[in-house]
Amino acid sequence: MSWEVDLNKKVKDTTFVVIDTETTGLDLKKDEVISVGAYKIVDLTLSFSEKLNLYLKTDLCRIEDSIKIHGITPDKLKNGLERKEALHQFLEFTKGAILVGYFLEFDLEMLKKHLKEELNLNVSFYGLDVLELYPTKTLDRIPKLNELLEEYDFPTTSFHNALEDAYMTALLFLKLVYSYRNKKLKQLPLKII
């Protein structure tokens, strides 16, 4: 299932949602999403009022190793949303938008796994990874998000949480997509994920 998106619409007239997740690890089979952060970009303008910042309840023993990376405390997760409720909020927030992220495919595959488990939904999204807009495609290695931010003179942060990463990715996306603003969506390197 894919949300209805008019691929003939101009980029500047499109709603994008920049997302990031924090997970218990990198294994798509056994790990899980514990936080989702997202910002809407409407008419190529970042909307600070339209954001999503979700913490999901989880088995706290599963997050011990990942606390060092994302700093999400057990209290935040103990008081988080039930997974079904968080997934419903995510779907409602992203409806009709192109999803954008840094290493987006991983975030979406994790979320899709939960959507299948919790809501019995097989969902696909139109997605765009900021790395696909990056002008130097012949890289010997993939640059980290902070390296990309530094290259474009954006401030970097030592925070590593979903909402902050979504915000920084949104800034980078706006810079990289600007040259496409008058083109049709189908001219972007979109993927169905």
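## Strand E4 and its two sides

Let's start with strand E4, which spans residues 98-101. Ile98 and Val100 point one way from this strand, while Leu99 and Gly101 point the other way. In a regular strand, side chains alternate between the two faces of the sheet. Are these four residues of E4 buried or exposed? All of them are buried. Keep in mind as you look around that this is a predicted model.

## The partners of E4

Which strands pair with E4? One is strand E1, made of residues 15-23, which runs parallel to E4 and is joined to it by 3 bridges. To find this pairing in the structure, look for Phe16, whose bridge partner in E4 is Ile98.

E5 is another partner: E4 and E5 pair in the parallel sense, again over 3 bridges. Here you can look for Gly101, which stands opposite Asp129 in E5. To get from E4 to E5, the chain passes through H4, and this β-α-β crossover is right-handed.

## The loop after helix H4

Now follow the chain out of helix H4 (104-119) towards strand E5 (126-129); the loop between them holds Leu121. Asn120 is found in this loop between H4 and E5 too. Asn120 has a positive phi of about 55°, although it is not a glycine. Asn120 counts as exposed because its relative accessible area is 57%, and exposed means over 50%.

What about Leu121? Its relative accessibility is 27%, so Leu121 counts as partly exposed. Which residues does Leu121 touch, if we leave out those up to four places away in sequence? They are Leu91, Leu115 and Lys116.

## Between strands E2 and E3

Another loop to visit joins strand E2 (33-42) and strand E3 (45-55), and Asp43 has its place there. Asp43 is not a glycine, yet its phi is positive, at about 55°. With a relative accessibility of 48%, Asp43 counts as partly exposed, because this value falls between the 20% and 50% cut-offs.

Move on into strand E3 and you will meet Ser47. Why does Ser47 count as buried? Its relative accessibility is 13%, and buried means under 20%. The side chain of Ser47 makes a polar contact with the side chain of Ser49, at 3.3 Å. Ser47 is also in contact with Tyr39 and Lys40, setting aside its neighbours within four places in sequence.

## Stepping back to the whole chain

With these places in mind, let's look at the full protein chain. How many helices and strands does the protein chain have? There are 7 helices and 6 strands. Read from the N terminus on, the elements follow the order β-β-β-α-α-α-β-α-β-α-α-α-β. You can find the stretch from E4 through H4 to E5 in the β-α-β part of that order.

The protein chain has 193 residues, and 49% of them count as buried. The area that the chain exposes is about 10,100 Å², with carbon and sulfur atoms supplying 49% of it. Finally, consider contacts between residues at least 6 apart in sequence: 71% of these join residues at least 24 apart.

Terms used: Residues numbered from 1 in each chain as written. Predicted model: local features only at pLDDT ≥ 70, side-chain atom pairs only at ≥ 80, totals over all residues. Heavy atoms only, no water. Buried < 20%, exposed > 50% of the residue type's maximum accessible area, 1.4 Å probe, protein only. Contact = heavy atoms within 4.5 Å. Areas by Shrake-Rupley, 256 points an atom, 1.4 Å probe, with all protein chains shown as cover. Pairing = 2+ DSSP bridges. Right-handed = clockwise from strand over helix to strand, strands pointing away. Polar contact = N/O pair within 3.5 Å; in protein donor to acceptor, adjacent residues only side chain to side chain.
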